[in-house]
Amino acid sequence: MAKPGHSWSRAPAGKEDEEDEEGEDPLDARIARTGCLEQHRELQECMEQHRDWRHCQTQLRAFGACMARREQRER
């Protein structure tokens, strides 16, 4: 049976160095263009620490609000 919560995790130490050499993560690049990269990283860090999105509501709302502001600017 699957564990409750989020099962996503970041690359193990050393793996990120390999990715840096290969180039920037396309998802990070897209999020950086939105201006919401800092909020996204805070959300990722919370998810890594807690492994459960329910504990990261503050970060989730901040990222969502940032993305909503971006969408409003584009209209």
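A disulfide is taken here as a pair of cysteine sulfur atoms within 2.5 Å. The exercises below concern a predicted model.

**Exercise 1.** Determine how many disulfides the model contains and which cysteines form them.

*Solution.*
Step 1. The cut-off of 2.5 Å is applied to pairs of cysteine sulfur atoms.
Step 2. The sulfur atoms of C36 and C66 are 2.0 Å apart, and this pair forms a disulfide. The sulfur atoms of C46 and C56 are 2.1 Å apart, and they form a disulfide as well.
Step 3. The count therefore comes to two disulfides under the 2.5 Å rule.
Step 4. When the bonded cysteines are numbered in sequence order, the pairing reads 1-4, 2-3.

**Exercise 2.** Describe the handedness of each disulfide and the parts of the chain that it links.

*Solution.*
Step 1. The link of C36 and C66 has -90 degrees about its S-S bond and is left-handed. C36 lies in the loop between α2 and α3, whereas C66 lies in helix α4, so this pair ties together parts that are 30 residues apart in sequence.
Step 2. For C46 and C56, the torsion about the S-S bond is about -95 degrees, so this disulfide is left-handed. It links C46 in helix α3 with C56 in the loop between α3 and α4, 10 residues apart.

**Exercise 3.** State whether the four bonded cysteines are buried or exposed, and identify the core to which they belong.

*Solution.*
Step 1. A residue is buried if its relative accessible area is under 20%.
Step 2. C36 has 0% relative accessibility and therefore counts as buried. C66, with a relative accessible area of 5%, is buried. C46 and C56 are buried too.
Step 3. The largest nonpolar core has nine residues: I31, C36, L37, L43, C46, M47, C56, F63 and C66.
Step 4. Helices α3 (37-50) and α4 (57-74) each supply at least two residues of this core. The largest share, four residues, comes from α3.

**Exercise 4.** Characterise the surroundings of H40 and of helix α2.

*Solution.*
Step 1. H40 lies in helix α3 and is buried, with a relative accessible area of 10%.
Step 2. Apart from its neighbours within four places in sequence, H40 is in contact with D28, I31 and F63.
Step 3. The buried residues of α2 (residues 26-34) are D28, A29, I31 and T34. Their cover includes α3 and α4.

**Exercise 5.** Describe the backbone and exposure of R51.

*Solution.*
Step 1. R51 is in the loop between α3 and α4.
Step 2. Although R51 is not a glycine, its phi is positive, about 60 degrees.
Step 3. With a relative accessible area of 36%, R51 is partly exposed.

How values were computed
Residues numbered from 1 in each chain as written. Predicted model: local features only at pLDDT ≥ 70, side-chain atom pairs only at ≥ 80, totals over all residues. Heavy atoms only, no water. Core = buried A, V, L, I, M, F, W, Y, C linked by side-chain atoms within 4.5 Å. Buried < 20%, exposed > 50% of the residue type's maximum accessible area, 1.4 Å probe, protein only. Contact = heavy atoms within 4.5 Å.
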